[in-house]
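The following exchange asks what lies behind some of the terms used for this predicted model. Each reply sets a computed value against its criterion.

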Amino acid sequence: MFESIKKKFAEASGKLTKKVSEEAEEENNVKLEGKVDEVDESTLINQHDTNKDDLINYEKDNEKSNDYEKTEKDISTELNSSEDEFEVIEDKETTFSKISEKLRFKKPKADKSDDKIKIDRSDVISKSDKPGDEKIVETETDISSDLETSDDEKKKSGIFSFIREKTISEKDLEDILWELELSLLESDVAIDVANFVVESVREDLIGQKIKRSSDVDEYTYQALRNAVSKIIDIEGKSMTDMIEEKKKMGEPLVVMFVGINGTGKTTTIGKLANYYIKKGYTPVVAASDTFRAGAIEQINYHTDKLNVKLIKHEKGSDPAAVAFDAVEHAKAKGKELVLIDTAGRMQTNTNLMDEMKKIRRVAKPDLVVFVGDALTGNDAVEQATKFNDAIDIDGVILTKADADSKGGASLSIGYVIGKPILFLGIGQGYDDIKEYDPDWMLDQIFS
């Protein structure tokens, strides 16, 4: 069951994941803010490498000049220490100034503290052994550091803005949720339910922060699951709990079954009788379908096979009287459950609907249960709505749920009429009935 709905959900999730991922890839490029021309990171790196090459070539062209400087420094050792210090500092500043001017970098501000201005004479002499090499190494390091600092400062100042996550917007969802709504309607989901699912998913997804494509799948899965769980989890007591409550009061639980012809109402009564016999209860059945030829024989066939007491009158007799006699029998014999079969009737047949109301007044059932065929989809929802308006039903049993590949009725019927699903018929045998469990339903839809 639910193959169609599962497929629709999977398609919507896949389309949303694809769309959000594509937009995230577009937005995750480097963006420049303000009036700065577009620059990408690779351009800056290439410029950095070019500046370093220019520096090395410049130093090679000036090797002869460096040799001359070495000669001057050798002569300068004959001068006094103060003059030496001044000339060395001046020479270094001049060289750096030339390189800085060539590469268009600002010269770093010198620290004016005494311990950094003074240079030990022995250090100057040792460095002068290979002044050209020393200066190249020191200058390359300084320029590289300056480039990296400049790059970091630009990133921090907001020139570069790297988008690391994608926020799901209304625009991302609009087309996909429209397609999802149409798909749900094609799967026999009631329009009110389809609208609820779409709006719930929209509310859950808009504003979600996405870092990976898998995030979209996960968030969409959870949004769909949350929406469906709200639809199918209608508050209501189980029939078993109600039997126990009535048993403590010394009375039977009286259940009246309504619905149109051909939905499997009589067979469902046989399944329920078998279900509660296995739980240790003793049911009695009332054959209150006195209009249809063969109806009494049909219900009698099931009760004989299950060894259950059947209360019946002649064909054409008052169905309300049959129901009353069954309730009195259960009370007299201490039986815990009365199952009243009624004639199948279309919701538009006013006379038969009035007769059904009479049975309710006489038998005073604790539960009025609508039996619907899951395969009829939206028709089952419409029928349940009409019966609810006429007689105020308390719950629903859906037959043939196992054969319903769409699952629209199972998803919609409880939400539309605001009444819980009590059981699902999932086969032809007496054991093929399952007490309704919302968590089980969710697992079937999202497995």
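Q: Which residue of β8 is the bridge partner of V284?
A: In this predicted model, V284 is bridged to V338 of β8.

Q: What makes β6 and β8 a pair of strands?
A: Two strands count as paired if DSSP finds at least two bridges between them; β6 (residues 283–288) and β8 are joined by six bridges and run parallel, so the criterion of at least two is met.

Q: How do you know that β5 pairs with β8 and with β9?
A: Five bridges join β5 (residues 253–258) to β8 in parallel, with L253 standing opposite L337, and four bridges join β5 to β9 (residues 367–373), again in parallel, with F257 partnered by V369. Both counts satisfy the requirement of at least two bridges, and therefore β5 pairs with β8 and with β9.

Q: Why is β8 called largely enclosed?
A: A residue is buried when its relative accessible area is under 20%, and six of the six residues of β8 (residues 337–342) are buried, so the strand is largely enclosed by the rest of the structure. Its two faces are both covered, with L337, L339 and D341 buried on one side and V338, I340 and T342 on the other.

Q: Why are β7 and β12 called edge strands?
A: The open sheet of eight strands has the order β7-β6-β8-β5-β9-β10-β11-β12, with mixed pairing. Because β7 (309–311) and β12 (433–435) each pair on one side only, they are its edge strands.

Notes: Residues numbered from 1 in each chain as written. Predicted model: local features only at pLDDT ≥ 70, side-chain atom pairs only at ≥ 80, totals over all residues. Heavy atoms only, no water. Buried < 20%, exposed > 50% of the residue type's maximum accessible area, 1.4 Å probe, protein only.
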